Amino acid sequence: MYAARRWSVRHARFLESLYDTFEGVMNALHPLWLKIGYDRVEKPITFVERNVKGFLFDCQMCGKCVLGETGMSCPMNCPKQLQNGPCGGVQTNGNCEVIPDMPCVWVEAERGSRLMRHGSGINNVRLPVDNRLKGSSSWLRVVREKRDQQFYGAD
Ligand code: SF4
């Protein structure tokens, strides 16, 4: 159980590099997304993202991915959906107090972050989950946000 998500944490560095490359490709395809229309590509891209990340990370499609800051361990799998570290209930074996046979996602996040090149991102303060984004593609959101920043010069 939880084998795939634990594999992802153990291979956090490899997945970080893969994601960097993938993000570059997604950004380079911006003219194509623009031509087709972001609203039109949302559905098929979301389908792919849901299945790939669902398999690798038990992704819940929160719409604003933070895996790059959490050692490839998805914080949405924390039963309390904590975004900035574990609660005080981590068991001595590193498992969750709510789901005792599940490794605490934040213990895993710490483990994965240590393997990553930019693992210090785990220290960033993350905002609460924005439920309005639930079910949307975070891959496309990253591209759009990057383009908006370039266009408007804002954060
Ligand atoms: S942080 Fe959000 S988008 Fe990323 S894997 Fe978790 S639920 Fe999916």
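**Exercise 1. Cavities.** Determine how many cavities of 30 Å³ or more the predicted model holds, and describe the lining of each.

*Solution.* Step one is the count: the structure, which is a predicted model, holds 2 cavities of 30 Å³ or more.

Step two takes the largest cavity, in which about 150 Å³ of space lies. Its lining is made up of 18 residues, and those nearest the centre of the largest cavity are Cys62, Cys65, Val66, Cys74 and Met76. Sorted by class, the lining of the largest cavity comprises 10 nonpolar, 5 polar and 3 charged residues, and helix α4, which spans residues 38–57, gives the most to this lining, with 3 residues.

Step three turns to the second largest cavity, whose volume is about 100 Å³. It is lined by 13 residues, with Cys78, Pro79, Cys87, Cys96 and Cys104 closest to its centre. The classes in the lining of the second largest cavity are 11 nonpolar, no polar and 2 charged residues.

**Exercise 2. The ligand.** Establish where the ligand sits and which residues are around it.

*Solution.* The first step is the placement, and the ligand is found to sit in the largest cavity. The second step lists the residues around the ligand, namely Lys53, Cys59, Gln60, Met61, Cys62, Cys65, Val66, Leu67, Cys74 and Met76. The third step sorts this shell by class, which yields 8 nonpolar, 1 polar and 1 charged residues. A final step sets the shell beside the cavity lining: Cys62, Cys65, Val66, Cys74 and Met76, which lie nearest the centre of the largest cavity, are also among the residues around the ligand.

**Exercise 3. The largest pocket.** Characterise the largest pocket by its volume, its lining residues and the elements that contribute to the lining.

*Solution.* The volume comes first: about 1200 Å³ of space lies in the largest pocket. Its lining counts 40 residues, and Cys65, Val66, Leu67, Gly68 and Val142 are the closest to its centre. The elements giving two or more residues to the lining of the largest pocket are α2 (12–28), α4 and α6. When the lining of the largest pocket is divided by class, the result is 22 nonpolar, 7 polar and 11 charged residues.

**Exercise 4. Aromatic pairs.** Find the aromatic pairs in the whole structure, classify each by its geometry, and decide which residues form a cluster.

*Solution.* A search of the whole structure gives 2 aromatic pairs. For tyrosine 19 and phenylalanine 22, the ring centres are 6.2 Å apart and the planes stand at 55 degrees, so this pair is classed as tilted. Both tyrosine 19 and phenylalanine 22 belong to helix α2, where they are 3 residues apart, about one turn of the helix. Tyrosine 19 is partly exposed, its relative accessible area being 27%, and phenylalanine 22 is partly exposed as well, at 28%.

The other pair consists of phenylalanine 22 and tryptophan 139, whose ring centres lie 4.7 Å apart with their planes at 65 degrees, so the pair counts as edge-to-face. Because phenylalanine 22 lies in helix α2 and tryptophan 139 in helix α6, this pair ties together parts that are 117 residues apart in sequence. Tryptophan 139 has a relative accessibility of 9% and therefore counts as buried, the cut-off for that class being under 20%. Taken as a group, Tyr19, Phe22 and Trp139 form one aromatic cluster.

**Exercise 5. Positive phi values.** Examine methionine 61 and methionine 72, giving the phi angle, the place and the burial of each.

*Solution.* Methionine 61 has phi near 55 degrees, a positive value in a residue other than glycine. The place of methionine 61 is the loop between α4 and α5, and at 2% relative accessibility methionine 61 counts as buried. Methionine 61 is also one of the residues around the ligand.

For methionine 72, phi is near 65 degrees, again a positive value in a residue other than glycine. Methionine 72 is likewise found in the loop between α4 and α5, and with a relative accessibility of 6% methionine 72 is classed as buried.

**Exercise 6. Asparagine 123.** Locate asparagine 123 and decide whether this residue is buried or exposed.

*Solution.* Asparagine 123 is placed in the loop between α5 (105–115) and α6 (138–152). Its relative accessibility is 62%, so asparagine 123 counts as exposed, a class that requires a value over 50%. As a last step, the C-alpha atoms of asparagine 123 and serine 113 are 10.0 Å apart in space, while the two residues are 10 residues apart in sequence.

How values were computed
Residues numbered from 1 in each chain as written. Predicted model: local features only at pLDDT ≥ 70, side-chain atom pairs only at ≥ 80, totals over all residues. Heavy atoms only, no water. Helix = DSSP H or I, 4+ residues; strand = E, 2+ residues; numbered from the N terminus. Buried < 20%, exposed > 50% of the residue type's maximum accessible area, 1.4 Å probe, protein only. Near = heavy atom within 4 Å. 1 Å grid on protein atoms, 1.4 Å probe; cavity = no way out; pocket = protein on both sides within 12 Å on 5 of 7 lines; lining within 4 Å. Sits in = over half its atoms within 2 Å of the grid points. Nonpolar A, V, L, I, M, F, W, Y, C, P; charged D, E, K, R; others polar. Points joined across faces, edges and corners; volume = space filled by probe spheres on them. Phe/Tyr/Trp six-rings, centres within 6.5 Å; stacked < 30°, edge-to-face > 60°.
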